Amino acid sequence: MNSLQINTELQNGKYRIIRVLGQGGFGITYLAEHTMLDKMVAIKEFFPKEYCDRDETTSHLTIGTKNSIEIVEMLKTKFIKEARNISKLHHNNIITIHDIFQENDTAYYVMEYVDGHSLSELIKQKGAMTESIALGYIRKIADAVGYMHSLSMNHLDLKPANIMIRECDNEPVLIDFGLSKQYDASGGQTSTTPVGISHGYAPIEQYRPGGVSSFTPQTDVYALGATLYALLTGKTPPHYSDILEDGLPELP
């Protein structure tokens, strides 16, 4: 898995790794202890597993080829930029970032730890939700997304897996901004990294090269509607092409 070992310390002992929370193509997220504050945090490590390995003795990232070094540097710059963009967001239903640093020849950002379950986990456990519960969550996430849009930022990966429900107060929290894009005043994107796809939640423009190169709130609105569909039915929404051909299936 190439993750950091349990009890690994970062920032001269400020953070201590407890366990892995999740791993994607470009990063590993850990549960960690902030030793000075004696509280839990989540730490995301930049780790593009296609290009990198790890030296087991030093925890440092190692990169195979010269060509890979250039790609990894570009992706790391995007990772740090993503963290900076999220750190500027102040909303009760958006994950909070506390710290960004570089270590082990890679980069990390430290977030609040949301103790709870994602909406996708809740759907797997309990199936479809009632309309009132589903709408309660969606309205709050819609408010968070609207706030992002007011700052010319698209999330571009809205889905039940990226919405955590905080155990203590039942509040939904939007996470995972790995595909998000910040746009400039003229509506042009300020980075050109590839767009990822979550089938069923992505509209047609996300399948087209350059399809979200300008600021389009509608892309997130589609994904939010698809997320509501998943909450109400307990099923992954149909692919956009099926909807174009057959229309939406009957709702309960």
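**Exercise 1. The second largest cavity**

Which residues line the second largest cavity? Describe this cavity in the predicted model.

*Solution.*
Step 1. Start with the whole structure: a search of it finds 3 cavities of 30 Å³ or more.
Step 2. Take the second largest cavity, which holds about 40 Å³ of space.
Step 3. List its lining: L156, D157, L158, S198, Y201, A202, Q206 and A223.
Step 4. Sort the lining by class. The second largest cavity has 5 nonpolar, 2 polar and 1 charged residues in its lining.

**Exercise 2. The two sides of helix 2**

Find the buried residues of helix 2 (residues 119-126), and state why they lie on the same side of the helix.

*Solution.*
Step 1. Recall the cut-off: a residue is buried if its relative accessible area is under 20%, and exposed if it is over 50%.
Step 2. In helix 2, the buried residues are L119, S120, L122 and I123.
Step 3. These residues lie on the same side of helix 2 because they cover an arc of only 160° around the axis.
Step 4. Look at the face turned away from the buried side of helix 2: the exposed residues K124 and Q125 are found there.
Step 5. Identify what covers the buried residues of helix 2. The cover includes strand 9 (116-118), helix 3 (131-150), strand 11 (163-166) and helix 4 (217-233).
Step 6. Check what follows the helix. After helix 2 comes G127, with a positive phi near 80°.

**Exercise 3. The open sheet**

Give the strand order of the open sheet, and explain why strand 1 and strand 7 each have a side without a neighbour.

*Solution.*
Step 1. Write down the order. The open sheet is formed by 6 strands in the order 1-2-3-4-8-7, and their pairing is antiparallel.
Step 2. Look at the edges. Strand 1 (9-10) and strand 7 (97-103) each have a single partner strand, so one side of each lacks a neighbour in the sheet.
Step 3. Begin at strand 1. It is joined to strand 2 (residues 15-23) by 2 bridges, and the two run antiparallel. Here E9 stands opposite R16 of strand 2.
Step 4. Examine the connection. Strands 1 and 2 make a hairpin with 4 residues between them, and Q11 in the turn has a positive phi of about 55°.
Step 5. Go on to strand 3 (residues 27-34), which is antiparallel to strand 2 and joined to it by 7 bridges. V20 has Y30 in strand 3 as its bridge partner. Strands 2 and 3 also form a hairpin, with 3 residues between them.
Step 6. Turn to strand 4 (residues 39-46) and strand 8 (residues 106-112). They run antiparallel and are joined by 5 bridges. The bridge partner of K44 in strand 8 is Y109.

**Exercise 4. The largest pocket**

How much space lies in the largest pocket, and which element gives the largest share of its lining?

*Solution.*
Step 1. State the volume: the largest pocket contains about 1,200 Å³ of space.
Step 2. Find the residues closest to the centre. Of the 45 lining residues, these are T29, K44, N162, I175 and D176.
Step 3. Assign the lining to elements. Strand 2, strand 3, strand 4, helix 1 (66-87), strand 8 and strand 9 each supply at least two residues.
Step 4. Pick out the largest share: helix 1 gives 7 residues of the lining.
Step 5. Classify the lining of the largest pocket. It divides into 23 nonpolar, 13 polar and 9 charged residues.

Notes. Residues numbered from 1 in each chain as written. Predicted model: local features only at pLDDT ≥ 70, side-chain atom pairs only at ≥ 80, totals over all residues. Heavy atoms only, no water. 1 Å grid on protein atoms, 1.4 Å probe; cavity = no way out; pocket = protein on both sides within 12 Å on 5 of 7 lines; lining within 4 Å. Points joined across faces, edges and corners; volume = space filled by probe spheres on them. Nonpolar A, V, L, I, M, F, W, Y, C, P; charged D, E, K, R; others polar. Buried < 20%, exposed > 50% of the residue type's maximum accessible area, 1.4 Å probe, protein only. Arc of directions from axis to C-beta. Contact = heavy atoms within 4.5 Å. Pairing = 2+ DSSP bridges.
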